[in-house]
Amino acid sequence: MMNQIPTMAEAKALAKKLRAHLESQGRATSHAQALETVAHQHGYRDWNTFCAVISAREEDPWEPGMRVQGTYLAQPFKGSIIAKMKQGPSWFRLVLDLDEPVDVVMFEGFSNYRRRIRGIVGPDGHSRERTSNGVPHLRVEAEK
């Protein structure tokens, strides 16, 4: 049994590493089996129980009223968090009120300004959704 509880990302990385190691030895295993094994190595009966413990221990970096900065559709912004809702381990839906509206249209002949935006961000403060050039739709961090 291991003493330190990893983050969700670390636990998943351990499972991926375990799976690769077992497959290099000719012992094929599914990702789900590797996740269960990692949970057992940390002293938990299954992956779901382990996830619940990890989720309860992970910090919640976002609070309503908190000042933030970042980019939305490649446009820089500063603003405040007005609402948040947990979406899963380390993922949050944020509603942001921007100090200045941002133009979310790249076309020169048309504009669409938004002062309030919503998005789901992960532990790194980035959204899963990306623009066609691979940049996250939303990047958020505490204002410096």
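**Hairpins, sheet and helix packing in a predicted model**

User: In this predicted model, how many residues lie between β2 and β3, and which residue in the turn has a positive phi?

Analyst: Strands β2 and β3 form a hairpin. Two residues separate the strands. The turn residue with a positive phi, about 70 degrees, is serine 90.

User: How many bridges join β2 to β3?

Analyst: Strand β3 covers residues 91-103 and runs antiparallel to β2. One of the pairs sets glycine 79 against leucine 98 in β3. The number of bridges joining β2 to β3 is eight.

User: How many bridges join β1 to β2?

Analyst: Strand β1 spans residues 67-72, and β2 spans residues 75-88. The two run antiparallel. Valine 68 has glycine 79 as its bridge partner in β2, and threonine 71 stands opposite proline 76. The count of bridges between β1 and β2 is six.

User: Which residue of the β1-β2 turn has a positive phi of about 50 degrees?

Analyst: The strands β1 and β2 make a hairpin, with two residues between them. The residue in question lies in the loop between β1 and β2. It is not a glycine, yet its phi is positive. Most residues other than glycine have a negative phi. The residue is leucine 73.

User: Is alanine 74 buried, partly exposed or exposed?

Analyst: Alanine 74 also sits in the loop between β1 and β2. Its phi is positive, about 70 degrees, although it is not a glycine. Its relative accessible area is 44%, and the partly exposed class lies between 20% and 50%. Alanine 74 is therefore partly exposed.

User: In what order do the strands of the sheet stand?

Analyst: The sheet is open and has five strands. Their pairing is antiparallel. From one strand to the next, the twist averages 35 degrees. The order is β4-β3-β2-β1-β5.

User: Which strands stand at the edges of the sheet?

Analyst: An edge strand here has a single partner strand, so one side of it is left without a neighbour in the sheet. This holds for residues 113-121 and for residues 138-142. The edge strands are β4 and β5.

User: Is serine 80 buried or exposed?

Analyst: Serine 80 is in strand β2. Beyond four places in sequence, it touches Met66, Arg67, Val68, Val95, Leu96 and Asp97. Its relative accessibility is 18%, and the cut-off for a buried residue is under 20%. Serine 80 is therefore buried.

User: Which side chain makes a polar contact with the side chain of serine 80?

Analyst: The residue is among those that serine 80 touches. The polar contact between the two side chains is 3.2 Å. The partner is arginine 67.

User: At what angle do α1 and α3 pack?

Analyst: Helix α1 covers residues 8-24, and helix α3 covers residues 47-57. Their axes are 10 Å apart. Met8, Ala11 and Lys12 in α1 meet Trp47, Phe50, Cys51, Ile54 and Ser55 in α3. By class, this contact has six nonpolar, one polar and one charged residues. The angle is about 150 degrees.

User: How wide an arc do the buried residues of α3 cover around the axis?

Analyst: The buried residues of α3 are Trp47, Phe50, Cys51, Ile54 and Ser55. They pack against α1, α2 and β2. The arc puts them on the same side of α3, while Asn48, Ala56 and Arg57 are exposed on the other side. The arc is only 135 degrees.

User: Which residue's side-chain oxygen reaches the backbone nitrogen of asparagine 48?

Analyst: The pair lies at the start of α3. The oxygen comes to within 3.3 Å of the nitrogen. It belongs to aspartate 46.

User: Is histidine 40 buried, partly exposed or exposed?

Analyst: Histidine 40 lies in helix α2. Leaving aside neighbours within four places in sequence, it is in contact with Arg45 and Asp46. With a relative accessible area of 45%, histidine 40 is partly exposed.

User: Which residue's backbone oxygen lies 2.9 Å from a polar side-chain atom of histidine 42?

Analyst: Histidine 42 is in the loop between α2 and α3. At 5% relative accessible area, histidine 42 is buried. The backbone oxygen belongs to valine 38.

Note on methods. Residues numbered from 1 in each chain as written. Predicted model: local features only at pLDDT ≥ 70, side-chain atom pairs only at ≥ 80, totals over all residues. Heavy atoms only, no water. Axes fitted to C-alpha atoms, helices over the stretch in contact; angles between N-to-C directions. Helix = DSSP H or I, 4+ residues; strand = E, 2+ residues; numbered from the N terminus. Contact = heavy atoms within 4.5 Å. Nonpolar A, V, L, I, M, F, W, Y, C, P; charged D, E, K, R; others polar. Pairing = 2+ DSSP bridges. Buried < 20%, exposed > 50% of the residue type's maximum accessible area, 1.4 Å probe, protein only. Polar contact = N/O pair within 3.5 Å; in protein donor to acceptor, adjacent residues only side chain to side chain. Arc of directions from axis to C-beta.
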